[in-house]
Amino acid sequence: MPERISSPVTRSRCATISSAPVIRFENCQGIVFENLTLTGGSVAIELDASSTVTLNHCIVQGNGKAGLRGNGFTLTNCQIIDNAGWGLELGGAAQPAAKLGMASCVVSRNAGGILIHSGTADIEASEFTANAGYGIVVDGPATVTSGGGDVEISRTTQKVRVTTGGGDVEVMDSEGEVRVTTGGGDVRICRTRGIVDLTTGGGDVEIEVTQDAVTEQRGGGESEGIEGGGNVTTTPGGG
């Protein structure tokens, strides 16, 4: 059975309350937080060799760096707001199996929304608004499914898969193979050295300074521009 922690915060056998993160887990899994506000730490929750931490109806607010950091979160009806760093940082070089499940959450007024270094993220019915940076940034090997929100794929040398129902997508400074499927929103591909496979249902597409092949299938919108040695194959459906 998962260990449940509800307001007020109680000290669990796995949690360490400190002046750095509000809560840090080491070698733990199956922890559930409900109806809590986590604020005032460098990070609200930091996971070290831990996963399967669930937050229901929680507020992660006003932390000095990231709101949440680690390789295994499930978030439902949460607010991640007003953190000085990313709202959430997922995965890393040593955490290829990182997983994020997010539903009906608000990620707002952070330095950036979600930074994904590696792993799998499934984001449904969530709102990314008023963050200083992109709603979702992917800079490592990852598979991301999102119903909306802007996405940036940057500085990755690994394979990245992104499926989004809306929002703009930017692919830049990447050397790995990138596959993007979007139901709408504009797409910009810039300074890439790897293969980019793009399928979009609408929105404009801008391609520049690429050095490898770009395959583009469009349902609508305009496509323009390419510089450098890349090849572009386009199958338009309209626009």
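## Salt bridges, core and confidence in an all-strand model

In this predicted model, Arg 179 forms a salt bridge with Glu 177, and the closest N and O atoms of the two side chains are 2.7 Å apart. Arg 179 is partly exposed, with a relative accessible area of 33%. This pair belongs to a set of charged contacts whose count comes to 11 salt bridges.

Another of these pairs is the salt bridge between Arg 24 and Asp 48, where the closest N and O atoms are 2.8 Å apart. Because Arg 24 lies in strand S3 (residues 23-26) and Asp 48 in strand S6 (residues 45-48), the pair ties together parts that are 24 residues apart in sequence. Arg 24 has a relative accessible area of 24% and is therefore partly exposed, and Asp 48, with a value of 32%, is partly exposed as well.

A further salt bridge joins Glu 89 to Arg 69, with the closest N and O atoms 3.7 Å apart. The two residues link distant parts of the chain, since Glu 89 sits in strand S12 (residues 86-90) and Arg 69 in strand S9 (residues 68-70), 20 residues apart. Glu 89 is buried, because its relative accessible area of 17% falls under the 20% limit, whereas Arg 69, at 25% relative accessibility, counts as partly exposed. Through salt bridges that share partners, Arg 24, Glu 26, Glu 46, Asp 48, Arg 69 and Glu 89 are joined into one network.

Another acidic residue, Glu 152, has its place in strand S20 (residues 151-154). With a relative accessible area of 11%, Glu 152 is buried, and, leaving aside its neighbours within four places in sequence, Glu 152 is in contact with Tyr 134, Ile 136, Val 137, Val 138, Glu 170 and Met 172.

The strands named so far are part of a secondary structure that comes to 0 helices and 29 strands. Of the 239 residues of the protein, 48% count as buried, and the protein exposes about 10,200 Å², of which carbon and sulfur atoms supply 45%. Among contacts between residues at least 6 apart in sequence, 21% join residues at least 24 apart.

The largest nonpolar core has 51 residues, and those with the most contacts inside it are Phe 33, Leu 55, Leu 68, Phe 73 and Leu 75. When residues up to four places away in sequence are not counted, Phe 73 touches Ile 45, Leu 47, Val 53, Leu 55, Leu 68, Leu 88, Lys 99, Leu 100 and Gly 101.

Two cysteines can be considered next. Cys 28 counts as buried, at 6% relative accessibility, and Cys 190 is buried too, with a relative accessible area of 1%. The structure nevertheless holds 0 disulfides.

How far the predictor trusts the model varies along the chain: the protein averages a pLDDT of 81, and 78% of the residues score at least 70. Confidence is highest in strand S11 (residues 79-81), at a mean of 98, and lowest in strand S2 (residues 15-16), at 40. Over residues 8-18 the pLDDT is below 50, and this stretch has 22 contacts in the model beyond near neighbours in sequence. Over residues 225-239 the pLDDT is also below 50, and there the model has 38 contacts beyond near neighbours in sequence.

Note on methods: Residues are numbered from 1 along each chain as its sequence is written. This is a predicted model: local features need pLDDT of at least 70, side-chain atom pairs count only at pLDDT 80 or more; totals for chains, interfaces and linings use all residues. Side-chain values use heavy atoms; hydrogens and water are left out. pLDDT is the predictor's confidence in each residue, from 0 to 100. Helices (H or I, at least four residues) and strands (E, at least two) are DSSP runs, numbered from the N terminus. Contact means heavy atoms within 4.5 Å. A nonpolar core is a set of buried Ala, Val, Leu, Ile, Met, Phe, Trp, Tyr and Cys residues joined through side-chain atoms within 4.5 Å. Buried means under 20% relative accessible area, exposed over 50%, partly exposed in between (1.4 Å probe, protein chains only). A disulfide is a pair of cysteine sulfur atoms within 2.5 Å. Accessible areas come from the Shrake-Rupley method with a 1.4 Å probe; for residues, only the protein chains shown count as cover. A salt bridge is a side-chain nitrogen of Lys or Arg within 4 Å of a carboxyl oxygen of Asp or Glu.
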